[in-house]
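Here are a few short exercises to work through with the coordinates open. Try each task yourself before you read the solution.

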Amino acid sequence: MNAPHTSAVTLPPLSRRAEQLGTENAFVVLAEVNALARSGKDIVSFCIGQPDFPTPVHIQDAAMAAVRGGRHGYTPSAGIDELRAAAARDMGARRGLDIRADDVVVGSGAKPFIAYTIASVTDHGAGDEVIYPVPGFPIYESQIVANGAVPVPIYLRESRNFAFDPAELEAKIGPKTRLLILNTPQNPTGGILSRADLDAIADILVRHPQVWVYADEIYSRLAYDGPFDSIATRPGLFERTIISDGASKTWAMTGWRIGYTANRALAPVFTRWITNTDSCASQISQWAAVAAIEGPQDDAEAMRASFLERRDLIVGLLNALPGVSCRTPGGAFYAWPNVTQACKLTGCADSEVFRKRLLHDAGVAVLADIHFGRRVPGDGQHIRFSYAASNAAIEQGIERIAAFIRRSRA
């Protein structure tokens, strides 16, 4: 039987939820970069947020041992006992908290827990509100909307080293507020919420016991200017904070897809969500993550030292560019320079036009601020660099931008 011509088929409509679902533009731009590279264009890319190092060999070996040992099947939805226990010890020790293995749930990356959390603490269509950082990881807003909650942005301001004004938080919390999303160290700014910031946020939250906190701390091992600090350590907040962490950034394991969260009350709920969606994370990847947490940390420490060196290199080079100013990020592997004047110098209407011209005219791939939410009022234009790239790539990329600005000055 011949299949019908697809052009003649009228498909049923999609849901509004599917039509309106947001995306992560780093992957959209990466596809554009890859297409240009396939066509022969030489691109220096700073657009994707993942370590450029291989996964350490002892972690690879643990995965191979799992394969050879027949560990191929389903695991409990919450994860293997060994990984839950290892993650509990590691997260607890680094934060000074008593986290039990039963509090921890393992997922296919940390990202799904954003959706699981929103779905677990808000009711679809009830007008429940979620406060989230802008600029911020774009999946926060897309999942708030997809889960039928109301997105309430709180602005990270350059003048505050990319923290938000606690008074603004106080003003935005209302009777419908159900969740506050915090991210430190931050994507895309590289900013860190200081001890004083966290203290001020905690003082406000104590007065609003109906608000859960999603603490996205996936970059917790990449804090450069002092020990990492978590909102969960503040009095009364451990019980209602969902601590989110994982293997991707620390051990160069983005493709292994292992994340984990800790919260005693929500662990059983998250487990049911995983049963309903992924069934469980890859067993092979889970055993690799056990080796990552419990094995030698030399490679992770060397990667961190390299990111710190690269941070200092790229910030210095960016600040030497005409029309560009860049604060020194306190963590992660992102720089968030202000390019307001550079846009004016080159006749670009905004950061997105500037980004496109950098890609097509200079062969440099970055992301624009609008890829991370609406622009912060009064803060100008920004672009994001992921400096998970070699020193040579950083130097070459910034020189290309310098040449572009020189020849494009209006």
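**Exercise 1.** Does Arg 195 count as buried or exposed, and at what relative accessibility?

*Solution.* Before starting, note that this is a predicted model, where local features need pLDDT of at least 70 and side-chain atom pairs count only at pLDDT 80 or more, while totals for chains, interfaces and linings use all residues. Residues are numbered from 1 along each chain as its sequence is written, and side-chain values use heavy atoms, with hydrogens and water left out.

Step 1: recall the classes: buried is under 20% relative accessible area, exposed is over 50%, and partly exposed lies in between (1.4 Å probe, protein chains only).
Step 2: Arg 195 has a relative accessibility of 54%, so the residue counts as exposed.

**Exercise 2.** Find the salt-bridge partner of Arg 195 and place both residues in the chain.

*Solution.* Step 1: apply the rule that a side-chain nitrogen of Lys or Arg lies within 4 Å of a carboxyl oxygen of Asp or Glu. Asp 229 is the partner, with 3.8 Å between the closest N and O atoms.
Step 2: Arg 195 sits in helix α8 (residues 195–206) and Asp 229 in the loop between β6 and β7, so the pair, 34 residues apart, links distant parts of the chain. Here helices (H or I, at least four residues) and strands (E, at least two) are DSSP runs, numbered from the N terminus.
Step 3: Asp 229, at 13% relative accessible area, is buried.

**Exercise 3.** Which residue meets Asp 90 in a salt bridge of 2.7 Å?

*Solution.* Step 1: the side chain of Arg 221 does, at 2.7 Å from N to O. Asp 90 belongs to helix α4 (residues 81–95) and Arg 221 to the loop between β6 (212–216) and β7 (241–246), 131 residues apart.
Step 2: Asp 90 is buried at 11% relative accessibility, whereas Arg 221 is partly exposed at 22%.
Step 3: look around the pair, and you will find a network of salt bridges linking Asp 90, Arg 94, Arg 95, Glu 217, Arg 221 and Asp 245. The model's count of salt bridges comes to 27.

**Exercise 4.** In what order do the three strands of the open sheet lie?

*Solution.* Step 1: the order is β9-β12-β11, with antiparallel pairing; two strands pair if DSSP finds at least two bridges between them.
Step 2: β9 (334–335) and β11 (367–368) are at the edges with a single partner strand each, so each has one side without a neighbour in the sheet.
Step 3: β11 pairs with β12 (residues 383–386) over two bridges, and Ile 383 in β12 is the bridge partner of Ala 368.
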